[in-house]
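Please look through the sequence and the structure shown here, and then follow the explanation below from one part of the chain to the next.

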Amino acid sequence: MRTDKYGVVTLDGRHRYSTDGSHARRDVLVGLRVLEIEILDVEGTRLAAHPRAYGQASTSSEDPSMQLAMLCNRPNAWRNSLVRDMLPDPLREWLDRQDERERRGALRTLKRVDRESGWTNAVEAMLTTLESTGGVDRAGVTLLAARLAEGVERAEYDDDRPDLSEYDIAFTTTDAEGGE
């Protein structure tokens, strides 16, 4: 079969199965099994596998992870993307407000972390980082997603932190000789 401009193949005119956007408009081999659809490139390398859909209703097994590569190259497609639809409101709204450069950087971070730690961990890490810092930095998101993937709980801090204002006083008072 040949993929469409998004790297998707359609079976029976109604069941859509995605590959990575980099495989758009290319010939692929589609393996039909009872429970699974497997999509291979012409050399036989596995590109994607999806649960097989049956019935008359249209279905789509498009994976938001598969769209990330395309979005990193075309961040203006953001508004109509599956990735946007799959994100929680605070993260989606924050990305909506970003300019093209910032959005591209955040999407690249999401793509990298998704590949390393999985979609769920990447999204949770981005959301948690956004809520705690007001932005999404690559190092923080990567570290948190890796911790989530390994099953390590988030670090929680007590509200009884030491008062560090004493240090401010020590460095801003004038000494007896008139110096700072």
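In this predicted model, α1 and α4 pack against each other at an angle of about 150°, with their axes 9 Å apart. Since angles over 145 degrees count as roughly antiparallel, α1 and α4 are therefore roughly antiparallel to each other. The crossing in which α1 passes α4 is left-handed. On the side of α1 the contact is made by Ser65, Leu68, Ala69, Leu71, Cys72 and Asn73, while α4 brings Arg104, Leu107, Arg108, Leu110, Lys111 and Asp114 to it. Sorted by character, the residues of this contact between α1 and α4 comprise six nonpolar, two polar and four charged ones.

The helix α4 also packs against α6, and here the axes come within 10 Å and cross at roughly 20°. Because angles under 35 degrees count as roughly parallel, this angle makes α4 roughly parallel to α6. The crossing of α4 past α6 is right-handed. From α4 the residues Thr109, Arg112, Val113, Glu116 and Ser117 take part, and they meet Arg138, Val141, Thr142, Ala145, Ala146 and Ala149 of α6. In the contact of α4 with α6, five residues are nonpolar, three are polar and three are charged.

These helices belong to a protein chain whose secondary structure comes to seven helices and six strands. Followed along the sequence, the elements of the chain are arranged in the pattern β-β-β-β-β-β-α-α-α-α-α-α-α. The protein chain has 180 residues, of which 37% count as buried. If one takes the contacts in the chain between residues at least 6 apart in sequence, 41% of them join residues that are at least 24 apart.

What, then, do the buried residues form? In soluble globular proteins, nonpolar side chains tend to be buried together. In this chain the largest nonpolar core has 25 residues, and those with the most contacts inside that core are Val83, Leu87, Leu91 and Leu110. The helices α1 (64–73), α3 (89–97), α4 (100–117), α5 (119–133) and α6 (138–149) each supply at least two residues of this core. The largest share, seven residues, comes from α5. There is also a second, separate core of eight residues, which includes Leu11, Tyr17, Ile39 and Ala53.

Leu91, one of the residues with the most contacts inside the largest core, shows how parts of the chain that are apart in sequence are brought into contact. Leaving aside its neighbours within four places in sequence, Leu91 is in contact with Val123, Met126, Leu127 and Leu130. Leu91 lies in α3, where Arg92, Trp94, Leu95 and Asp96 are buried as well. The cover over the buried residues of α3 includes α2 (82–86), α4 and α5.

Attention can now turn to the part of the chain that holds the strands. His23 is placed in the loop between β2 (15–18) and β3 (28–32). Is His23 buried or exposed? With a relative accessible area of 18%, His23 is buried, because buried means under 20%. Not counting residues up to four places away in sequence, His23 touches Thr3, Gly7 and Leu47.

Arg25 is found in the loop between β2 and β3 too, but at 53% relative accessibility Arg25 counts as exposed. Most residues other than glycine have a negative phi. Arg25, however, has a positive phi of about 55° although it is not a glycine. Asp12 is a further residue other than glycine with a positive phi, in this case near 55°. The loop between β1 (8–11) and β2 is where Asp12 is located, and with a relative accessible area of 56% Asp12 is exposed.

Ser60 is part of strand β6, which covers residues 59–60. The relative accessible area of Ser60 is 46%, and this residue is partly exposed. Although Ser60 and Thr10 are 50 residues apart along the chain, their C-alpha atoms are separated by 9.0 Å.

How values were computed:
Residues are numbered from 1 along each chain as its sequence is written. This is a predicted model: local features need pLDDT of at least 70, side-chain atom pairs count only at pLDDT 80 or more; totals for chains, interfaces and linings use all residues. Side-chain values use heavy atoms; hydrogens and water are left out. A nonpolar core is a set of buried Ala, Val, Leu, Ile, Met, Phe, Trp, Tyr and Cys residues joined through side-chain atoms within 4.5 Å. Buried means under 20% relative accessible area, exposed over 50%, partly exposed in between (1.4 Å probe, protein chains only). Helices (H or I, at least four residues) and strands (E, at least two) are DSSP runs, numbered from the N terminus. Contact means heavy atoms within 4.5 Å. Axes are lines fitted to C-alpha atoms, for helices over the stretch in contact, and angles run from 0 to 180 degrees between N-to-C directions. Angles under 35 degrees count as roughly parallel, over 145 as roughly antiparallel, 65 to 115 as roughly perpendicular and the rest as oblique. A crossing is left-handed if the near helix is turned anticlockwise from the far one by less than a right angle, and right-handed if clockwise. Ala, Val, Leu, Ile, Met, Phe, Trp, Tyr, Cys and Pro count as nonpolar, Asp, Glu, Lys and Arg as charged, and the others, Gly among them, as polar.
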